[in-house]
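Colleague: I would like to learn how to read the packing of helices and of aromatic rings in a model such as this one. Could you take me through the features one at a time, giving the general idea before the case at hand?

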Amino acid sequence: MLHLDLTLLLALVLGAGLGAAFPQDALKKSCSLSKYQFLVPHELKAVQKMKEQFEDIMLLTDRKCYTRLFYRKWRIAELSVPDRMVLVEAELALATAMLGLPAAPRFAETRQRPLAFLTQAREDLRGCMATEAPLHQPSGKLRHWLQKLQTAKKTETPGCLEASAILHLFQVLNDLRCTALREQCT
């Protein structure tokens, strides 16, 4: 009897100790995109400054690009939340890849803050996708746009993709905001 009580006590102590060492919530990674619902003004100013500087560079180099990658016949509000996550992750992937391209020193410096912000947003979004929609299959609308993105990556010049990504960063940020809101947005 004493042996059974001692075994039971030992099991309870070990169980409680292990439960404290590995809380149930630790296994579930939390997903919070709420910090992207209202973007911080200094981040928006950094993106605006970079965009303006890039537009000045485009005027000087007379670079023309006519890709319509960011023109869609649907609004992000028409997509499910998992579809929004996939869309914004793809947009952020393109934007961060293009901002990572070699650039003139002055522009390279200007884009560091937006690049860091967009990279962090993409990491946060990917974490949410892994926990909330790991096996999500995109809708037809989104699948078509993702195919359009893949085609553009193969057929457009890096300069054209860079221009498209930078000139549409505020659309990407709005899409991020709508995804963070998790409800209908305009």
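Colleague: At what angle do helix 4 and helix 9 pack, and how far apart are their axes?

Modeller: Two packed helices are described by the angle between their axes and by the distance between those axes. In this predicted model, helix 4 (residues 81-99) and helix 9 (residues 169-181) pack at an angle of about 150 degrees, and their axes are 9 Å apart. Because angles over 145 degrees count as roughly antiparallel, helix 4 is roughly antiparallel to helix 9. The crossing in which helix 4 passes helix 9 is left-handed.

Colleague: Which residues of helix 4 and helix 9 meet?

Modeller: From helix 4 the contact takes R84, M85, L87, V88, E91, L92 and A95, and these meet L169, V172, D175, L176, C178 and T179 of helix 9. Sorted by class, the residues in this contact of helix 4 with helix 9 are 9 nonpolar, 1 polar and 3 charged.

Colleague: Where is H168 placed, and is H168 buried or exposed?

Modeller: H168 sits in the loop between helix 8 (158-167) and helix 9. Its relative accessibility is 16%, and since buried means under 20%, H168 counts as buried. When its neighbours within four places in sequence are left aside, H168 is in contact with F70 and Y71.

Colleague: How should I read the packing of helix 3 and helix 6?

Modeller: The same two values serve here, the angle between the axes and the distance between them. Helix 3 (residues 41-61) and helix 6 (residues 112-132) pack at an angle of about 125 degrees, with 8 Å between their axes, and that angle makes helix 3 oblique to helix 6. The crossing of helix 3 and helix 6 is left-handed. On the side of helix 3 the contact is made by H42, E43, A46, V47 and M50, and on the side of helix 6 by R113, P114 and F117. By class, this contact of helix 3 with helix 6 has 5 nonpolar, 1 polar and 2 charged residues.

Colleague: How many aromatic pairs does the structure hold, and how is such a pair read?

Modeller: A pair of aromatic rings is described by the distance of the centres and the angle of the planes. The structure holds 2 aromatic pairs. One of them joins Y36 and F117, with 5.9 Å from centre to centre and 65 degrees between the planes, and this pair is edge-to-face. Y36 lies in the loop between helix 2 (24-27) and helix 3, whereas F117 lies in helix 6, so the pair ties together parts that are 81 residues apart in sequence. Both Y36 and F117 are buried.

Colleague: What angle do the planes of F54 and F107 make, and where do these two residues lie?

Modeller: The ring centres of F54 and F107 are 5.7 Å apart and their planes stand at 40 degrees, so this pair is tilted. F54 belongs to helix 3 and F107 to helix 5 (residues 105-110), so the pair ties together parts that are 53 residues apart in sequence. Both F54 and F107 are buried.

Colleague: To place these features in the whole, how many helices and strands does the protein have, and how much of the protein is buried?

Modeller: The protein has 9 helices and 0 strands, and buried residues make up 39% of its 186 residues. Among the contacts with a separation of 6 or more, 85% are accounted for by residues 24 or more positions apart.

Key
Residues are numbered from 1 along each chain as its sequence is written. This is a predicted model: local features need pLDDT of at least 70, side-chain atom pairs count only at pLDDT 80 or more; totals for chains, interfaces and linings use all residues. Side-chain values use heavy atoms; hydrogens and water are left out. Axes are lines fitted to C-alpha atoms, for helices over the stretch in contact, and angles run from 0 to 180 degrees between N-to-C directions. Helices (H or I, at least four residues) and strands (E, at least two) are DSSP runs, numbered from the N terminus. Angles under 35 degrees count as roughly parallel, over 145 as roughly antiparallel, 65 to 115 as roughly perpendicular and the rest as oblique. A crossing is left-handed if the near helix is turned anticlockwise from the far one by less than a right angle, and right-handed if clockwise. Contact means heavy atoms within 4.5 Å. Ala, Val, Leu, Ile, Met, Phe, Trp, Tyr, Cys and Pro count as nonpolar, Asp, Glu, Lys and Arg as charged, and the others, Gly among them, as polar. Rings of Phe, Tyr and Trp (its six-membered ring) pair if their centres lie within 6.5 Å; planes under 30 degrees apart count as stacked, over 60 as edge-to-face and the rest as tilted. Buried means under 20% relative accessible area, exposed over 50%, partly exposed in between (1.4 Å probe, protein chains only).
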